[in-house]
Amino acid sequence: MPQTPALSDLDTPALVQTLADLLQRKHWMMATAESCTGGLIAGACTDLSGSSNWFERGFVSYSNEAKAELLGVDPALIQVHGAVSEQVARAMAAGAIAHSRAQVAVAVTGVAGPTGGSPEKPVGTVWFGWSVDGQVRTERRRFDGDRAAVRGATVHMALQTLAEMILKA
């Protein structure tokens, strides 16, 4: 009997197909809230034919104002913690759920580079927020490489962790 590959071994299209299968089995819909990826997660999902069966909507909230207007992120959170923070990633994920009909959401906010980094938040720093059936998880990662590499790694991690969380839900 062939062994199923680990989620971490799948390329992004295979990961999206796995995620689609998991969501459809549970009759769940997905939403995205993206800053540093600018819609790449939603794009990866909607590259798959039939994605309207499980992908509900995506929010590209690149500016701080968009985070507040589209997702309901409290501007005070951004002022106190910065846009690239655990608090904002959590609020973005919660906002994606609150402003959609989805049961699961992924949010990303980070510094894709090559500019914009700081000693506290160097280029490649990304905060993730996932919400799966009411459970929220956050994680900070730092990815190496140029802008495209950071964004690509962010998309893959966002989808992989979401699939892992759904498997455990």
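This passage describes the sheet, a helix pair and some unusual backbone positions in a predicted model.

The strands of the model include an open sheet of five, arranged in the order 2-1-3-4-5 and with mixed pairing. Strand 2 (55-60) and strand 5 form the edges of this sheet, since each of them pairs on one side only. Between neighbouring strands the average turn is 10°, when the direction of the strands is ignored.

Within this sheet, strand 4 can be followed in some detail. Strand 3 (residues 104-110) and strand 4 run antiparallel and are joined by seven bridges. Among the residues of strand 3, alanine 107 has glycine 129 of strand 4 as its bridge partner, while valine 106 is partnered in strand 4 by tryptophan 130. Strand 4 also pairs with strand 5 (residues 135-142), again in the antiparallel sense, and here the pairing extends over eight bridges. One of the positions involved is threonine 125, whose bridge partner in strand 5 is arginine 142.

How far is strand 4 enclosed by the rest of the structure? Eight of the eight residues in this strand, which spans residues 125-132, are buried, and strand 4 is therefore largely enclosed by the rest of the structure. The covering applies to both faces, because a residue counts as buried when its relative accessible area is under 20%, and this description fits Thr125, Trp127, Gly129 and Ser131 on one side as well as Val126, Phe128, Trp130 and Val132 on the other. Helix 6 lies across strand 4, and also across strand 1 (30-34), strand 3 and strand 5, with a direction at about 25° to that of strand 4.

Helix 6 (residues 147-168) also packs against helix 1 (residues 12-26), at an angle of about 30° and with the two axes 10 Å apart. Because angles under 35 degrees count as roughly parallel, helix 1 is described as roughly parallel to helix 6. The crossing of helix 1 with helix 6 is left-handed. On the side of helix 1, the contact is made by Thr12, Leu15, Val16, Leu19, Leu22, Leu23 and Lys26, which meet Val155, His156, Leu159, Gln160, Leu162, Ala163, Ile166 and Leu167 of helix 6. Sorted by class, the residues of this contact are eleven nonpolar, three polar and one charged.

The remaining features concern the backbone in the loops. In general, most residues other than glycine have a negative phi, and most peptide bonds are trans. Against this background, histidine 27 has a positive phi, near 60°, and is not a glycine. Histidine 27 is found in the loop between helix 1 and strand 1, and with a relative accessible area of 69% this residue is exposed.

Aspartate 133 likewise has a positive phi, of about 50°, although this residue is not a glycine. Aspartate 133 is placed in the loop between strand 4 and strand 5, where these two strands form a hairpin with two residues between them. Is aspartate 133 buried or partly exposed? Its relative accessible area is 49%, and aspartate 133 is accordingly partly exposed.

A further position of note is the peptide bond between glycine 113 and proline 114, which is cis, with omega at about 0°. Proline 114 belongs to the loop between strand 3 and strand 4.

Technical notes
Residues numbered from 1 in each chain as written. Predicted model: local features only at pLDDT ≥ 70, side-chain atom pairs only at ≥ 80, totals over all residues. Heavy atoms only, no water. Buried < 20%, exposed > 50% of the residue type's maximum accessible area, 1.4 Å probe, protein only. Helix = DSSP H or I, 4+ residues; strand = E, 2+ residues; numbered from the N terminus. Pairing = 2+ DSSP bridges. Axes fitted to C-alpha atoms, helices over the stretch in contact; angles between N-to-C directions. Parallel < 35°, antiparallel > 145°, perpendicular 65-115°, else oblique. Left-handed = near helix turned anticlockwise from the far one by under 90°. Contact = heavy atoms within 4.5 Å. Nonpolar A, V, L, I, M, F, W, Y, C, P; charged D, E, K, R; others polar.
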